[in-house]
Amino acid sequence: MSASILFDTPGPKARRRILAVNIVGALIALGIVAWIVLGLAAKDQMQPSQWDDFIEGSTWKNYLLPGLWNTTKAAVLGIIGSVIFGLIFGVGRLAQNKLINGISTVIVEFFRAVPVLLMIVFFNVFFSRSLQLSGDTAMWAVVAALIFYNGSVVAELVRSGVHNLPKGQREAGIAIGLTRGMSLRHIEIPQALVAMLPALIGQFVVILKDSALGYIISFNELLFFARTYSSPNGNVLQALIVAAAIFIIINFTLSKIAVIVSRRLSSRVKKEKNAPAGPAAAIVGAPAGLDVPAPQDPSDPKA
Amino acid sequence: MENYLSIFTEYDIPGAFWVNIQLTFWAAIGALVLGTILALLRISPVGSFQALGTSYVNLIRNTPLTIIILFCVLALYGQLGFVLSSDFQGNFFRLAVLGLAVYHAAFVCEAIRSGVNTVPLGQAEAARAIGLSFLPAARLVILPQAFRGAIVPLGNTLIALIKNSTVAAVGSVATESSSVMKTMIEFRADIVIPIFLTFAVGFVIIVIPVGLLTTWASKKLAVAR
Amino acid sequence: MRKTRFGTVAAMAAVAALALTSCGGSGDSEADGDKIRIGIKYDQPGLGFKDGDNYTGFDVDVAKYVASELGYTEDKIEFISAPSANRETMLQNNQVDMIFATYSITDERNKVVDFAGPYFVAGQDLLVPSDSDIAGPEDLDGKNLCSVTGSTSAQKVKDNYAQNTNLQELPGYAECTTQMSGGTIDAVTTDDIILAGLAAQPAYKGKFKVVGAPFTEENYGVGLPDGTDKCGDINAAITKMIESGEWQKALDKNTEGTGYKPNAETNPPTLSDSCA
């Protein structure tokens, strides 16, 4: 049901009322913005000198871009690791062997329940003190924590993706003499992966946001650099807003891409549904009846 | 083993979890109220309200929670002088609750909207047919069913909120579990893994029942159609 | 057909991962023999601060002087970020040759690494707004005190001097000074020289002052790998820096405009024969 069905097409009277309410709503929105801006101005936080730092090339070259590069690096390593982790344990949860299944279930459920921050704090000390690793241990701590949490989420995506496939897919595989494992590897998981793509992009947004937690352990990511830059310049607040804006732009773009990918996938599914059900249909695109997961799972509000 | 057990007498671990539970409790109430209002805005017939709700969700959902909570402490309190409690420590607790509620409200809003999508068209039409206008229709017909259809995403949001309550550490709430664990592993480097597992299992014990309860409730309360 | 596509995706992912990790490894590259790797703080204005390609602060100035005495010109120095938690590990793993990073000499640390110096004796002190009448930790009853998360310095004040102090813990001192400029914090506490470095920043010039009544002693040493043979040379370099007046010059430059005077009883430090 789309939102517009909740009310009738407004008549002249209702339209006038809506217009009035509309103006009130716009005023409320403006009021909130004005309250924030004026409040900041009253506290000397709206001076141009505090903001123009962020349109200078050197600020970007020396602080924000290196920070963004580290954030991206951690996020990309995180998503790659998560997909690998997710494939291993997602398949593990589909295994018929009770032991493998049990171990995979425990691992996935465990890491889905542990806060990412807790893991980041732990891995930071564990890598640098207990294992005495060299290199950027703070970054590896963030990457490890991201992989364990998001990998578990991806494992669930893999599992539900395979479960949502029409039963015929596996049956067909077995009918042509594949074992259960071969059918999983060659038929079911590749299809589940395509269907997962939008959700995976959504997960990348989650990972990007979570990487900002590395700030707490002095991982040199975007938020950390924004803070480092602002500390001698006395504009911590402005730096927070700029860092937030960068995150919002990147994540918003990614979410939009996820929606587009999801739409293209589901339109492909629809086309096949309408097409006469021939054996060719299943080979060309995503199989009919495949549930395309929501682009950005709104139920996963990770930091 | 004795070495390990000593951490329980040296540090107040249940107390640390209790802080997280309290943070979660108050933030959950706040997020539910704010999220419902946002959902109403987004499904309302008024353009500016829709835009308000949509921008809120898009802005907040794409911002790291770390920045939101830092912003509450540094900007709202530090620069704008926004005080929520006369008690110094209590103030940071409430600011963290505010940050958590603001962040999770965006997800509650989306959860409720997904719940609204489960309500059949006929329900809204029937509500209008008996003369209910937008707000009464939403309150009496749409939302009660939408909440029941949104239990799973709402439960997932609650689970995320429980875990995200650790991020209050950046908001000067030094008594919650991630801060306590950080202090502990700095001083007891010999038993880093047991300390981490203690806290991790603590969260598993809190989170898993919530997950089971969600599944049970979503089946129990599902609207039969 | 589909399989090959997935093969390609997997291969691309692997290549991307490799490319990323290979770039990430630059921090632990072996020294080129004629270069010296020095660990400093990147985020401590006035002591060790990375300003683009420039490194500034008192720690950095002393490090540069010592390095030049050891025969390394400025272009032979490679500065590396040394966060507090990683300092011992970086020395043990031979990732750096020496560390100048507000590194207090303690018996505990001395077990795993060597120290030269001290090149400065800091003490815990308070940073307050210029017009504040707080003269020491005893005046903090009922006041709001800020420090960084996990540091014991604020708790020390509460336990030993003023029980009714309100403590706020934030991730960094920068956040503390922001709070103080907003008026919600009455004092920030940590080592006096760190506070002076913060107060010397252009944005805060004239707004804050260091109280100047340090109530602890922290000996800042040069962290060295265990069993090093450079300790004697470094101590000689520090002594020379102090005698030549360069030490005082570096200190004045980095705390300019704050009226900060280090504890004269202990500064400049007399170097005991700590290398053994």
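**Three chains, from the sheets outward**

C:Asp114 stands opposite C:Leu224 in strand 13 of chain C. Let me start there. This is a predicted model, so read it that way: local features need pLDDT of at least 70, side-chain atom pairs count only at pLDDT 80 or more, and totals for chains, interfaces and linings use all residues. Residues are numbered from 1 along each chain as its sequence is written, while chains are lettered from A and ligands numbered from 1 in the order in which they are written.

Back to that pair. C:Leu224 belongs to strand 13. Strand 13 covers residues 218-224 of chain C, and its partner is strand 7. The two run antiparallel over 6 bridges (pairing takes at least two DSSP bridges). Helices and strands here are DSSP runs: H or I over at least four residues, E over at least two, numbered from the N terminus.

How many residues of strand 7 of chain C are buried? 9 of the 9, from 114 to 122, so strand 7 is largely enclosed by the rest of the structure. Buried means 20 or more other C-beta atoms within 10 Å of the residue's own, with C-beta atoms placed from the backbone; 12 or fewer is exposed, in between is partly exposed.

Helix 7 of chain C, residues 192-199, is mostly covered too, with 8 of its 8 residues buried. The run starts at C:Asp192, followed by C:Ile193, C:Ile194 and C:Leu195. It goes on through C:Ala196, C:Gly197, C:Leu198 and C:Ala199.

Step back to the whole of chain C. It has 9 helices and 13 strands. It has 276 residues, and 46% of them count as buried. Now take the contacts in chain C with a separation of 6 or more: 72% of them come from residues 24 or more positions apart. A contact means C-beta atoms, placed from the backbone, within 7 Å.

On to the sheets of chain C. One is an open sheet of 5 strands, order 10-9-11-8-12, with mixed pairing. Which strands stand at its edges? Strand 10 and strand 12 (208-210) do; each has a single partner strand, so one side of each is left without a neighbour in the sheet. On average, neighbouring strands in this sheet are turned by 30° against each other, direction ignored. Inside the order, strand 8 (residues 124-129) and strand 11 (residues 187-191) of chain C pair in the antiparallel sense over 4 bridges. There, C:Leu126 stands opposite C:Thr189.

A second open sheet in chain C has 3 strands in the order 2-3-4, paired antiparallel. Its edges are strand 2 (43-44) and strand 4 (54-56); each has a single partner, so each has one side without a neighbour in the sheet. Strand 2 meets strand 3, residues 48-51, in the antiparallel sense over 2 bridges. Here C:Gln44 faces C:Gly48.

Next, the interfaces. Chain C touches chain B with 13 residues, and chain B answers with 14. Strand 10 (166-170) and helix 6 (173-182) of chain C each supply at least two residues of the chain C side. That chain C side divides into 2 nonpolar, 9 polar and 2 charged residues. The classes: Ala, Val, Leu, Ile, Met, Phe, Trp, Tyr, Cys and Pro are nonpolar; Asp, Glu, Lys and Arg are charged; the others, Gly among them, are polar.

Now chain B against chain A. The contact takes 61 residues from chain B and 51 from chain A. Which element gives the most to the chain B side? Helix 10 of chain B, residues 192-220, with 8 residues. The chain B side holds 41 nonpolar, 15 polar and 5 charged residues.

Last, two helix pairs. In chain A, helix 5 (residues 116-130) packs on helix 6 (residues 137-163) at about 135°, axes 8 Å apart. Axes are lines fitted to C-alpha atoms, for helices over the stretch in contact; angles run from 0 to 180 degrees between N-to-C directions. Helix 5 contributes A:Phe123 and A:Phe127, among others, and helix 6 residues there include A:Trp140, A:Phe148 and A:Tyr149. The contact of helix 5 with helix 6 of chain A has 13 nonpolar residues, 3 polar and no charged.

In chain B, helix 2 (residues 13-43) and helix 3 (residues 47-61) pack at about 130°, axes 7 Å apart. Helix 2 brings B:Leu38, B:Leu41 and B:Arg42, while helix 3 residues include B:Phe49, B:Tyr56 and B:Val57. The class count for this contact of helix 2 with helix 3 of chain B is 6 nonpolar, 3 polar and 1 charged.

Technical notes. Two residues are in contact if their C-beta atoms, placed from the backbone, lie within 7 Å.
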